[in-house]
Amino acid sequence: MNLHDFLYGVYPYIALSIFILGSILRFDREQYTWKSDSSQLLSKAGLRLGSNLFHVGIIAVFFGHAVGLLTPHHFFLSLGVSDMTHQMVAIWAGSIFGGLGLLGGAILWHRRMLNKRISVTSRGTDKFILSWLLVTLLLGLSTIPVSLGHAHEGNPGVMIALAEWAQSIVHLRPNPALLENVDTVFKVHLFFGMTVFLVFPFTRLVHVWSAPVGYLGRPYQVVRSKRHFN
Amino acid sequence: MSHFLDRLKFFDKVKATFSNDHGIVTNEDRQWEEAYRHRWQHDKVVRSTHGVNCTGGCSWKIFVKNGLVSFEMQQTDYPRTRDDLPDHEPRGCQRGASFSWYLYSPHRVKHPLIRGRLLDLYRAERKSGKDPVEAWAAIQADENKRKSYTSVRGLGGFVRASWDEVNEMIAAANVHTIQKWGPDRIFGFSPIPAMSMISYAAGSRYLSLIGGACGSFYDWYCDLPAASPQTWGEQTDVPEAADWYNSTYIIITGANLPMTRTPDAHFASEVRYKGAKIVAMAPDYAEFVKFSDLWMPIKQGTDAAAFLAMGHVALKEFHIQQQDPYFQEYARKYTDMPMQVMLRKQGDGYVTDRLLRASDFDGALGETNNPDWKTIVFDEKSNSFIAPNGSIGFRWGEEGKWNLLEKTGADQRETTAQLTCINHRDDVVSVGFPHFTHGEDSLLYRNVPVRKVKLANGEETLVATVFDLQVAQYGIDRGLGGGNVASSYADANVAYTPAWAEKVTGVKAADIERTGREFAYNASKTKGRSMVIMGAAINHWYHNDLAYRSIMNLLHMCGCVGQTGGGWAHYVGQEKLRPQAGWAPIAFALDWHRPPRHTNSTSYWYFHTDQWRYETLKADTLLSPAGKGKNKGSTLADYNVKATRMGWLPSMPNFNRNSIELAEEALKNGATDEASVAQYVAGQMKSGALDVAYADPDNPVNWPRNLFVWRANLIGTSAKGHEYFLKHLLGAQNGVLQESGAGRDSKEVKWHEEASIAKLDLMVDINFRLNSTGAYSDIVLPTATWYEKNDLNTTDMHPFIHPLSEAVSPGWESKSDWQIFKTIAKNFSVLAEKHLGTKKEVVALPMQHDSAAELAQPFGEVKNWKNGECDPIPGKTMAIIKLVERNFGDTYRKYIALGPLMTKLGNNIKGVDWNTDQEYEELKKHNATVKEPGVSQGMPSLEEDIYVCDSVMRMAPETNGEVAHKSWAAMSKKTGIDHHHLYAGRHEDKFTFKDIQAQPRKIITAPTWSGIESEKVSYTAGYTNVHEHIPFRTLTGRAHFYQDHEWMLDFGEGFCTFKPMVDLGELNNLPKAVQAKPHLTVNWITPHSKWGIHSSYQDNLRMLTLFRGGPYVWLSETDAKQVGIEDNDWVEAVNHNGATVARAVVSQRVPQGMAMMYHAQEKNVNVPGSPSTGKRGGILNAVTRVIIKPTNMIGGYAQLAYGFNYYGTVGCQRDTMVAIHKIADKDVDWLERPLTPEREAQLNPVGIGAK
């Protein structure tokens, strides 16, 4: 097995396994560490702008990737979304939300590294994960000129290859060969992206699991009874 | 079971709904609640307390979980009080409740620490083949080596070392010091034994065994009221807090009850519900003011004036205008009011002189024993002068007449002492009373009725009663004519009227008058249930004894002292070491060697930190025009040196020679025994070949060399003149902003142009937290906290004795103080065996109070042998000289065993002796006996802390009914009165450590104290004097209004008078930068702390969170505005002593003209550099300097005789002025720079030389 096969055939499963098992174990065993570690108490400077931009950007980018990569090709076509439309939506949505995320991330990174109170109270993983996400984001954005080139040529092949590879992973039929002719910048971006999943359970990212979506539909009062329910 | 699996049951979450689906019922997992339950779960609960000198003495539950202390909580199982009294508990305050933080805090000293440079030097010497003592000697002999570590004291640089290595070094330093300089160059400082007596005893026992000296603390802290021994011959006996509840009228001044007596303050609230009136006197709106019905906002430091004016009212209305029968009987029986004072002609009138004595009469009125010490009253029954029972002459050399029964000493006839001769007077003469108020006459002549007496020498003299003189001195008009008396309270020109007091104090005359009248009226109706609660705020002044005497006068006029619900209640650093009689033999190794070396710390530090070299207070300005003035031209230091030469106060070191060499020399020159050695020493003193060490404190021969500090924060809080300590004693970076020179005028103290720097070879701090004292030490040893050792604790505030217990083993490498000194003793013995062997040494001992030596110098006449006025006679005109033999190699074996002198010489306390044979035998069985072969094999063991606790309790009358019986039997013999009923119900009681761990025990009534433990009255001071007729331990045997010692009269303090704050000229050479800026000049007040107590809590994270997070100074709103200071600004307080930096708290609570920096805010948290000194910001005492008072040095004269923590100079610090200015935030310098050679060399502030 060469490095390519390992990185795009095996590594995704290592990352996903650790991501899922690690999250479950940490949730079960370390409830007190299951939190976002907000530093708002220490310093509010730049947080409102930076955090909102970053979160809006990154959430949009995440769902963009999920939909774009995991929706079967024929499903798009049956909806009447042509490959080129798909490509252009990906490029534009990616640029806009990736840009927002990058801007917000840069503000947060600056704050985390240079604000003395934040910096000294940060753990190593806090600084690492923010930096890693930023690099991943940057790499993602660097694919845009390449994608624009493809779009210009009217060639959606790389996009389709990437989606098919992603689906091959999810279908447990890994096919690293699909990526052999993809531009290097995509491959590097993929590696960084997968690594985010790998380190996820060891960082503050676990708070993503507990996004308080439930609050939206929650009744006014939640009580428990001493009566035993089964 | 699994949080994750639970989550998977998402769709099953809603079990029911209610309120139209606005609410849901779930059965979500409740496991998270366990976290909160675990927080309060514990494995065991252990009883302990806090060994801090708040003297709260509160019993606490210590909760232990997994071998760690998790929290503490107030115990509520004290024995109940009687039915008509509220209970004591719950006791404990926020500070105590947060103590467990320290155990695992970053402050904790976890391992032995040593200054890295010193360790390198020592290891290098040891490596070169020298043995430990030689290695230490080699370092000390090399100026540069020594300086390399002394000059970086306070600058960090500690490294971890092993117990073995530091113990060896400490032992080597002690051995070397004894060999080269003498044992008394080793000094120990530790305060307030009562807070953890075994820990105190550990260091003091070690030091006493090797001949080292222990320094006093009560006087050094200025908590010691000198007025107490002056008046009663007793040091601080006060009511328990519960007795406040028995009062019906209370004046509170200078004691902030809710803050510093938190666990007791409830009694003050409760007694108000019962209807008592409370009057508060305080310059600021202090916390205790809220208890009061009337607040008198008094100008700080003028309390004496207000109380004298109240006394004026009480005396006039209840003794002159009408004679209250209770007051008159009390004055006659229990005070010196009827005693006869001789008058001396001076100028056109007279001044008061000494009390008349039996020996002044022909045939000494039939008195053969001590007639010089028996004072005289005029007996109304026989119409003649007689010497009544109870004066000090009856205390020594005879038995059965030392009592306050109204009888003649000679033939035990019934008598009635006459208070005034106004109706039987021979004459009326004009007597001058010294007066010290600025802008008023310095001698106020008033007319006094007198009698004529023919003396044994044929001369005739005039005498007046203390009562008649006192009435005149208060300025009350009795229709005898003459000036300086007032017929109206509104006469502001006559001293001591309410109107006069209003001028001085700022308190409305009407308030003073009403309070004086009500106080007396209440006492008259209730037989003395009027009380004054007082404390630090009025006691920390130079003339504190006068402030206190003004209060005691009022109390005695109104018959309050000795009555439940009445009397003085002095609460500041006071301690009641209840089982003192059982503790002292162990603490001072009296079971092996007598006497131990004790010294009064104030004088000690005054000389050894060279504060005397800077003395700006001229003693001559304090002298009275009515004195003999033989000492005109002397400096304060001169007075102290004279006092030590005359055997009044100790000098430590004793002599300017090694006491071992001195003994050898005496023996070589023909002396054979103690008496002839003493003769030799006296001869050497007379020839000038030998002198007291204080006569030349800058001579390296007289320097203190080794210092142990334990249970204390000497440098960080209690060092008045903090910067002088750093400069001269330690040789460290210091902020003294002047050079010495003012002390050059001293005639008795040798002046060296160059001052001494870094006198100490070694400073060892034993502590559980690294505070400022540790930071300046050379070695810091980790000790057990109050939850990690077994010890005993008692207090004035309640009558119980309770334990400190080892709830968890001492953390990290720490050990209890008893074990630490045990291992030091062991190391010392090994080295001493080789280098010292057995040696005899000379020990000088001042004439002690409560021993026959207090009769050394009759009539209060001062005869100084140095001036040729007499010969130096040991024990008579100079110190008592003792010869003590020590086998230094046996130190450890002696430390761990209760020694043989307990059976050979027995035990004693306050002049009462008894035999301890039975207790000694019991302890052999109760404790183990010593197995270690040698001098102490088979004796009761003191190896374990609990053995020591049990030995103390077994030997003390307060905790062993049998000992109470023996000591009271001895007392009954002395007084001729049967006191058996006081303890009879508890004869069989014996406390052990396990008993008091189960529940605090109420102590047994003992002759050590003047109050009783009873089911009928609460403990109050003076009770047995008044109700059992046991005399006060004074010259007359009664409470004294009048002091007749020559030095008292020299300084105009025969009667209590008002003296204003002294001027020390601290602002004469302010730094130019400060002069040029807007600044305040204010009086520097250092009250007892809000969030800390002396040695801890201030830097406790929880307490810091409550207020400002670091040091702060309170300023008046108006003052602050004038110089542009806003709340929370950084400010600097500066004067010639140094500077300190803190945040300003600007408040309307504080009056103009004063700044308050609460006590014990030290250098270790949030303290920036000072712009004036360039050194780290300082502490509350960085701007103070100690000044000593000659009248506090008097000795060898009845109640005015030295006793450890009983009498002596006090470390006052409130008569201090500072300049305060704002530091802009941008100018705050945190000094966070590396140590460069230039910075290291710059010990003093830039521009200040080494002098």
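Helices and strands are taken here as DSSP runs, with at least four residues for a helix and at least two for a strand. On that basis, chain A of this predicted model has 8 helices and 1 strand. Read from the N terminus, the elements of chain A go α-α-α-α-α-α-α-α-β, which puts the strand at the end of the list. The C-alpha atoms of chain A fit in a box of roughly 60 × 50 × 40 Å along the principal axes. Of the 230 residues in chain A, 19% are buried. If we look at contacts in chain A between residues at least 6 apart in sequence, 82% of them link residues at least 24 apart.

Two of the helices in chain A make a good example of how such elements meet. Helix α2(A), residues 47-70, and helix α4(A), residues 83-114, have axes that come within 7 Å of each other and cross at roughly 145°. The crossing of α2(A) past α4(A) is left-handed. As for what sits in this contact, its residues split into 14 nonpolar, 11 polar and 1 charged.

Next comes the place where the two chains touch. Here 12 residues of chain A are in contact with 12 residues of chain B. On the chain A side, the elements that supply two or more residues are α1(A), residues 3-29, and β1(A), residues 221-224. The largest share, 4 residues, comes from β1(A). Sorted by type, the chain A residues that touch chain B are 7 nonpolar, 3 polar and 2 charged.

Strand β1(A) also pairs across the chain boundary. It runs parallel to strand β2(B), residues 23-26, and 4 bridges join the two. Within this pairing, V223(A) stands opposite V25(B). The pair belongs to an open sheet of 3 strands, in the order β1(A)-β2(B)-β1(B), and the pairing in the sheet is mixed. Strands β1(A) and β1(B), the latter covering residues 14-18, stand at the edges with a single partner strand each, so one side of each has no neighbour in the sheet. From one strand to the next, the twist averages 30°.

Chain B offers two more elements worth a look, starting with helix α8(B), residues 197-210. This helix has 14 residues and spans 20 Å from its first C-alpha to its last, close to the 20 Å expected at 1.5 Å a residue. How many of the residues in α8(B) are buried? The count is 14 of 14, so the helix is mostly covered, with a residue called buried if 20 or more other C-beta atoms lie within 10 Å of its own. In general, an α-helix has 3.6 residues a turn, so residues three or four places apart point the same way. Right after α8(B) comes G211(B), which has a positive phi, near 90°.

The other element is strand β34(B), residues 1112-1116, which is mostly covered too, with 5 of its 5 residues buried. Both faces of β34(B) are covered. On one side lie Y1112(B), W1114(B) and S1116(B), while V1113(B) and L1115(B) lie on the other, and all of these are buried. Strand β34(B) pairs in the parallel sense with β36(B), residues 1138-1147, over 5 bridges. In that pairing, W1114(B) has V1145(B) of β36(B) as its bridge partner.

Key:
Residues are numbered from 1 along each chain as its sequence is written. Chains are lettered from A and ligands numbered from 1 in the order in which they are written. This is a predicted model: local features need pLDDT of at least 70, side-chain atom pairs count only at pLDDT 80 or more; totals for chains, interfaces and linings use all residues. A residue is buried if 20 or more other C-beta atoms lie within 10 Å of its own, exposed if 12 or fewer, and partly exposed in between; C-beta atoms are placed from the backbone. Two strands pair if DSSP finds at least two bridges between them. The expected span of a helix is 1.5 Å times one less than its number of residues. Two residues are in contact if their C-beta atoms, placed from the backbone, lie within 7 Å. Ala, Val, Leu, Ile, Met, Phe, Trp, Tyr, Cys and Pro count as nonpolar, Asp, Glu, Lys and Arg as charged, and the others, Gly among them, as polar. Axes are lines fitted to C-alpha atoms, for helices over the stretch in contact, and angles run from 0 to 180 degrees between N-to-C directions. A crossing is left-handed if the near helix is turned anticlockwise from the far one by less than a right angle, and right-handed if clockwise.
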